[in-house]
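Hi everyone, thanks for making time. I'd like to walk you through one structure today, so have a look at the screen.

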Amino acid sequence: MLTRAGWAVAAGAITTLAVGRLLGAQELYILATMAGALLALALAWVRRPSTIPVLERHLRPDRPMAGSPARVEVLASGHGRRKTAAATVVDQVAGTVGARLLLGPIAPDAVHRVGYRLPTSQRGPLTVGPLDVEVSDPFGLARRRWRQGGPVQITVLPAVEALMGTPVGVGGDEQVAAGVAQRGAARTIADLATLRPYVVGDDLRRVHWPTSARVDDLVVRRDEERPQGQVSVLLDTGEWASAAAFEQAVSAAATLVHATAQADDRIRLQTTSGFDSGALEARHSEGALLETLAHLRCGESGPVGSPLESPRRGTLVVLVEADGTGAEPQDRGNVRTVVVRFGGVLDQRMVPAAAGPTTVQVPAATSFAAAWRAAGLLGAPR
């Protein structure tokens, strides 16, 4: 097919031919004939048999996060007995004009690597593709396109901030932890260890060689595990006056999920739209929960209310808008409650209540991690 330049040359040739006929100028006939011959050669050039590279798309990293650099790498492989034709690779990216990548001739069995940066300014699904290969003539008047594969959907996960420091208290689990520590002080080192079969990836320094020799199989020492804490995250997905504040709240939820996974504790994610993950092992379910957060949309329900089931232990973190009117749950029993309010301005006159939930303010242009640390809540809640 003709390119924009090719259609311009075709239009010029027709105009020149009409003017030449009108004026009887032989020179204009010659120019029109030359333009037509040039277009015919261009079309013949792109229609000639040629070898097209085989394309593969790879995402680096494979799970990009909002605001973090991400790159799409396209591997072009030669095949057959001849070099591939010089080509342009066009990869469509939703919301952009797409990426155009230039490829020179590729020898048989050779691989060329080209790429482009993926836009990750917003979380959520992002459609990439299909991949198109274009071959054009040296004058850029005609081109031929081959399509390889269809579109794929990439999920840009919410941004995750780093929570550094010592974990905060575990609520009702503190008594359990104290009991374990007391029992541990009265036991010997040998009593603290139990044995289990060796699993690929275990540290060989933990292999118990005398027992392994006796049972003729590798076994490793397993120290008594610490009590596992639980974090419940409740996110208000109702109407927010500030879209930026809602995005920061989603990022805070993702941060808490990631920090809980790093602490090897249990996580429960709830939203006012009705989603409830239940209590899960955070280390194993982190990816699925971040995917869920990536697809959340504002305005799916009203403010935080009482119908949602409250956790029975651990720490409950409620993420709401600064000016929201949702009811704040109270500390009760073995549950410690932290209410995080996003947006607005920092109220220096706020005095913490003698009893009740801990309140954390995250004003505009302030990071959640900084506000969390300023409130004395270091590290991942348990």
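I'll go through the nonpolar cores, then the salt bridges, then a few backbone oddities and a surface patch.

One thing up front: what you see is a predicted model.

Let's start inside. In soluble globular proteins, nonpolar side chains tend to be buried together. Here the largest nonpolar core has 37 residues. Which of them touch the most other members? Those are Val233, Leu293, Leu319, Val340, Phe342, Phe368 and Trp372. As for where the core comes from, at least two residues each are supplied by β11 (230-235), α6, β12, α7, β14 (314-321), β15 (335-342), β16 (358-362) and α8 (368-374). Helix α6 is the top contributor, giving 11 residues.

If you want one residue to click on, take Val340. Setting aside its neighbours within four places in sequence, Val340 is in contact with Val317, Val318, Leu319 and Val320, then with Val360 and Val362, and also with Phe368 and Trp372.

There is also a second, separate core, this one of 26 residues, and Ala66, Ala70, Val72 and Ala99 are among them. Keep Ala66 and Ala70 in mind for a moment and find Thr120. Thr120 sits in the loop between β5 (111-117) and β6 (124-136). Is Thr120 buried or exposed? Buried, with a relative accessible area of 9%, and the cut-off for that word is under 20%. Leaving out neighbours within four places in sequence, the contacts of Thr120 are Pro64, Met65, Ala66, Gly67, Ser68, Ala70 and Val156. So two members of that second core, Ala66 and Ala70, turn up in the contact list of Thr120.

On to charges. How many salt bridges does the structure hold? There are 12. I'll pick out three.

First on my list is Asp132 with Arg147, where the closest N and O atoms are 2.9 Å apart. Asp132 is in strand β6 and Arg147 is in strand β7 (residues 143-148), so this pair links distant parts of the chain, 15 residues apart. Look at the two ends of that bridge: Asp132 is buried, at 0% relative accessible area, while Arg147 is exposed, at 57%.

Next, the side chains of Glu134 and Arg143 meet in a salt bridge, 3.8 Å from N to O. Glu134 counts as buried, with 6% relative accessibility, whereas Arg143 is partly exposed at 25%.

The third pair is Asp264 and Arg283, with 3.3 Å between the closest N and O atoms. Asp264 lies in the loop between α6 (243-262) and β12 (266-271), and Arg283 is in helix α7 (residues 282-294), so the bridge ties together parts that are 19 residues apart in sequence. Asp264 is partly exposed at 36%, and Arg283 is partly exposed too, at 44%.

Which residues do shared salt-bridge partners join into one network? Arg100, Asp132, Glu134, Arg143, Arg145 and Arg147.

Now the backbone. Most residues other than glycine have a negative phi, and most peptide bonds are trans. With that in mind, here are some spots to check on the screen.

The peptide bond from Arg60 to Pro61 is cis, with omega near -5°. Pro61 is in the loop between β1 (54-60) and β2 (71-77). Another cis bond joins Gly129 and Pro130, with omega about 5°, and Pro130 lies in strand β6. That is the strand that also holds Asp132, from the salt bridge to Arg147.

Then there are positive phi values. Asp264 comes back here: its phi is near 60°, and it isn't a glycine. Ala365 also has a positive phi, about 70°, again without being a glycine. Ala365 belongs to the loop between β16 and α8, and at 88% relative accessible area, Ala365 is exposed.

Last stop, the outside. Where is there a nonpolar patch on the surface? Val19, Leu22 and Leu23 form one, with about 330 Å² of accessible area together. Val19 belongs to helix α1 (residues 4-23) and is partly exposed, with 33% relative accessibility.

That's my tour, so let's rotate the model and talk.

Note on methods. Residues numbered from 1 in each chain as written. Predicted model: local features only at pLDDT ≥ 70, side-chain atom pairs only at ≥ 80, totals over all residues. Heavy atoms only, no water. Helix = DSSP H or I, 4+ residues; strand = E, 2+ residues; numbered from the N terminus. Buried < 20%, exposed > 50% of the residue type's maximum accessible area, 1.4 Å probe, protein only. Contact = heavy atoms within 4.5 Å. Patch = residues over 30% accessible without salt bridge, like charges linked within 9 Å, V, L, I, M, F, W, Y side chains within 5 Å. Areas by Shrake-Rupley, 256 points an atom, 1.4 Å probe, with all protein chains shown as cover. Salt bridge = Lys/Arg side-chain N within 4 Å of Asp/Glu carboxyl O. Core = buried A, V, L, I, M, F, W, Y, C linked by side-chain atoms within 4.5 Å.
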